[in-house]
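Please work through the exercises below with the sequence and the three-dimensional structure at hand. Each task is followed by a worked solution.

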Amino acid sequence: MTELRRRGGGDPDSTDNISDKEAGGDDRPDLPGDAEGEGDVDSKADTPDVPLSTADTDNTPECLNKALEGLPPRWKNYWIRGVLSIAMISGFFLIIYMGPITLIFVVMCVQIKCFQEIITIGYRVYHSYELPWFRTLSWYFLVCVNYFFYGETVADYFGALVQREEPLQFLARYHRFISFTLYLAGFCMFVLSLVKKHYRLQFYMFAWTHVTLLIVVTQSHLVIQNLFEGMIWFIVPISIVICNDIMAYLFGFFFGRTPLIKLSPKKTWEGFIGGYFGTVVFGFLLALLLSQFQYFVCPVEFNSETNSFAVECEPSDIFVVQEYTLPAVVQNTLRWKTVNLYPFQIHSIFLSSFASLIGPFGGFFASGFKRAFKIKDFANTIPGHGGIMDRFDCQYLMATFVHVYITSFIRYKDE
Amino acid sequence: MTELRRRGGGDPDSTDNISDKEAGGDDRPDLPGDAEGEGDVDSKADTPDVPLSTADTDNTPECLNKALEGLPPRWKNYWIRGVLSIAMISGFFLIIYMGPITLIFVVMCVQIKCFQEIITIGYRVYHSYELPWFRTLSWYFLVCVNYFFYGETVADYFGALVQREEPLQFLARYHRFISFTLYLAGFCMFVLSLVKKHYRLQFYMFAWTHVTLLIVVTQSHLVIQNLFEGMIWFIVPISIVICNDIMAYLFGFFFGRTPLIKLSPKKTWEGFIGGYFGTVVFGFLLALLLSQFQYFVCPVEFNSETNSFAVECEPSDIFVVQEYTLPAVVQNTLRWKTVNLYPFQIHSIFLSSFASLIGPFGGFFASGFKRAFKIKDFANTIPGHGGIMDRFDCQYLMATFVHVYITSFIRGPNPSKVLQQLLKLQPEQQLSIFHSLHAHLRDRGMLAPEA
């Protein structure tokens, strides 16, 4: 079903959005997307109906709309953002309460949604000529890579379960070979599906899919691995990033004057620095709060007798209160000689520093990406906030950093 | 130094090569590259002078040109290809003779050249506006990823050397963190280098660089890991792929009639199938030849006393001749009951099958890529053959396959690696492992029972 839409040389303006020779996006963050893009959306039966502009929230529940009827649009937007923020944070607490399996499931759902959002953008950008194999192939590659990563995780953590079941044993033993064969089948299908006049397009989509997989799937896999170390390694980084977002926003709102970077005109130095200090304090206190509970601190283990996840253990050294002698300078000031801290709180300072100072680069990257492809948000899933990717763009660098931090400084390699 | 070259909406024909809305390459393999591409090459001072068309070999040495003066161009091309093929194969033998270090060095050089070729194409395609950070950043990412991979390899295989040197120990202990920090620095530089009107271009180049790294660097790393298993795992796959190329070409030349795939019009079914059988036979014989020598068969180990690579060992079971009972059907035909084979020869049949049946897909992928971006060859490095990538495009799938094959079917856990990891643990953990190992061995009768 190849609907060939040749654009010829007709309208030079219409090449503005797409052709490589045109320079990238302009610095106009509120550009709702040019007319050509929306013309595309209307005329392609296959593309999901996601308008490029998300200034008006289409997904707002009716009840919310009614409650906010009387307010001017700007305040309405703030209220919706606020309500949805609180809803998301409450949802986060609920998921934590429900335990590790739910968390893993949620991480996987987020990953699939992020992948779908980015792939959809890719299709829209490249005016996918409705080559049906491409959606199938992209999703197939997602399944393959997930199978590979989750298979490795399962073989590591569910060792006892795997030993018991014969078919699982076979899958675990030849796991890499099976994953490679599956991937290769997808690769060969791609080569066989190359259509004569669409080579470049198909290669672009192939590369787009792979880069997306590289970013989205590996990060979610690292998040799961962090989680298995102990739920605290999942909760604290995510909370720190969310807190940094909120703190930077509040500081910027009240004190912001000097712009930070041309990519994101709304960000300010005051917000950046205030967010840093606020996040360090928040992380310090959160670490203090969570280190006291075994539920958060113990590695998640699969108990093969009860066939469930257990979080009970002897807390490791970094979660045991230790006495630190303060440096002489501080001693004279505060008149304390020593202070009792969890070592994890010291670690949390480093995590907070990373989240505040380097984490925003992930956000700038996503802003540049949106600017380059002239979209306002990745999708329209969350009213007032945009897509799932918009919420998670700063998390990605954090997940990798936490994983590298754990393997370098905390954990020796598994025996 | 941002030389802005705005093309405006001027010439609709000139958008043909580049704009996304234009369909991909046409099915004209001998297209020398359109005029616009060559216009680009002339007007950009920064791009290396690589013409898109390689119909005339510019890199041919003078001596060769003189010797072939009298011949018509087509024969001249064949002779040059032939001479260069023999030169490359001889070079291959020479490098093998010179040992593992040379091999590793050559693999690294090939990798760098392939990377440079693909990045150069990317620049040409995207009319890089001479944003100087991009070349630097691409090469920087190459260095980072190589540092990460080779650091992991060095820490694994040169364990003793690393233990001795204090700075190396620090680098090995925090290797992942250091690699991540280096990569992150590059990532932040990229974000800070985003220039207002060139966002899309810069993101394209970022993606192009990363996909290239993914393909080129991981594969070369897998090649090196195969090599450490034993040089035979390096030589046999590469030879098989080269042989398949040559066999398919010869069979196609003499018997070829039915085209194989639209992507590569010169390939035929006769060449494909003939190449398969020829390669299986060749691989079988080559495996027989090489399995007899310890130099090829033994894992490459670094001897910390002599500070050099040593290839001496007790050959593993797959390199020891074993007697196989032939199935009854074959027994009646050939009047042989058993046959003495190296098990590795059986493995070589699987490797040859992969190289002949699936390996060509790597070649089709590269052909489609060249077709998509309207280039005839990746570069003009080797006269008559094109660039390094042209020679190595089928090798990539093979290297990954061999690595996966080894880890799945050949190699068990490495005892020295397990020991290394054990020594890193806390004493209490080591003690508990010791106790459970002790009990395990006692149960199996390897150790004398407690008196």
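The exercises that follow concern a predicted model.

**Exercise 1. Composition of the two chains**

Task: Describe chain A and chain B by secondary structure, burial, contacts and exposed area.

Solution.
Step 1. Begin with secondary structure: chain A has 16 helices and six strands, while chain B has 19 helices and six strands.
Step 2. Turn to burial. Chain A comprises 415 residues, of which 50% are buried; chain B comprises 451 residues, and 47% of them count as buried.
Step 3. Consider contacts between residues at least 6 apart in sequence. In chain A, 70% of these join residues at least 24 apart. In chain B, the share joining residues 24 or more positions apart is 69%.
Step 4. Finish with the surface. Chain A exposes about 20,300 Å², with carbon and sulfur atoms supplying 64%; chain B exposes about 23,100 Å², with carbon and sulfur atoms supplying 65%.

**Exercise 2. Annotated transmembrane regions**

Task: Which residues of chain A does UniProt annotate as "transmembrane region", and what is the secondary structure of residues 133–150 and of residues 177–195?

Solution.
Step 1. Consult the record: an unreviewed UniProt entry places this feature at residues 133–150, 177–195, 202–224, 230–255, 276–297 and 344–366 of chain A.
Step 2. Examine residues 133–150 of chain A in the model. This span is 100% helix and 0% strand, and its end C-alpha atoms lie 25 Å apart.
Step 3. Examine residues 177–195 of chain A. Here the chain is 84% helix and 0% strand, with 30 Å between the end C-alpha atoms.

**Exercise 3. A nonpolar surface patch**

Task: Identify the residues of the nonpolar surface patch and the helices that supply at least two residues each.

Solution.
Step 1. List the members: Trp75(A), Tyr78(A), Trp79(A), Val83(A), Ile246(A), Tyr249(A), Leu250(A), Phe253(A), Phe254(A) and Phe255(A) together make a patch of about 1,100 Å².
Step 2. Assign the helices. Helix H3 (73–98) and helix H10 (232–255) of chain A each provide at least two patch residues; the largest share, six residues, belongs to H10(A).
Step 3. Check one member. Val83(A) lies in helix H3 of chain A. Its relative accessible area is 32%, so Val83(A) is partly exposed.

**Exercise 4. The largest nonpolar core**

Task: Which residues have the most contacts inside the largest nonpolar core, and what does Trp233(B) touch?

Solution.
Step 1. The largest nonpolar core has 179 residues, and Trp233(A) and Trp233(B) have the most contacts inside it.
Step 2. Leave out residues up to four places away in sequence. Trp233(B) then touches Asn226(B), Ile318(B), Phe319(B), Phe344(B), Leu351(B), Val402(B), Tyr405(B), Ile406(B) and Ile410(B).

**Exercise 5. Two polar residues**

Task: Are Gln111(B) and Asp390(A) buried or exposed?

Solution.
Step 1. Locate Gln111(B) in helix H4 (residues 100–125) of chain B.
Step 2. Apply the cut-off: buried means under 20% relative accessible area. Gln111(B) has 1% relative accessibility and therefore counts as buried.
Step 3. Name its contacts beyond four places in sequence: Gln111(B) meets Leu142(B), Asn146(B), Tyr150(B), Val216(B), Val217(B) and Ser220(B).
Step 4. Locate Asp390(A) in helix H16 (residues 388–410) of chain A. Because its relative accessible area is 5%, Asp390(A) is buried as well.
Step 5. Add a distance: the C-alpha atoms of Asp390(A) and Val145(A) are separated by 23 Å, and these residues are 245 residues apart along the chain.

How values were computed: Residues numbered from 1 in each chain as written. Chains lettered and ligands numbered in written order. Predicted model: local features only at pLDDT ≥ 70, side-chain atom pairs only at ≥ 80, totals over all residues. Heavy atoms only, no water. UniProt positions renumbered as here; feature names shortened; annotations may be inferred. Helix = DSSP H or I, 4+ residues; strand = E, 2+ residues; numbered from the N terminus. Patch = residues over 30% accessible without salt bridge, like charges linked within 9 Å, V, L, I, M, F, W, Y side chains within 5 Å. Areas by Shrake-Rupley, 256 points an atom, 1.4 Å probe, with all protein chains shown as cover. Salt bridge = Lys/Arg side-chain N within 4 Å of Asp/Glu carboxyl O. Buried < 20%, exposed > 50% of the residue type's maximum accessible area, 1.4 Å probe, protein only. Core = buried A, V, L, I, M, F, W, Y, C linked by side-chain atoms within 4.5 Å. Contact = heavy atoms within 4.5 Å.
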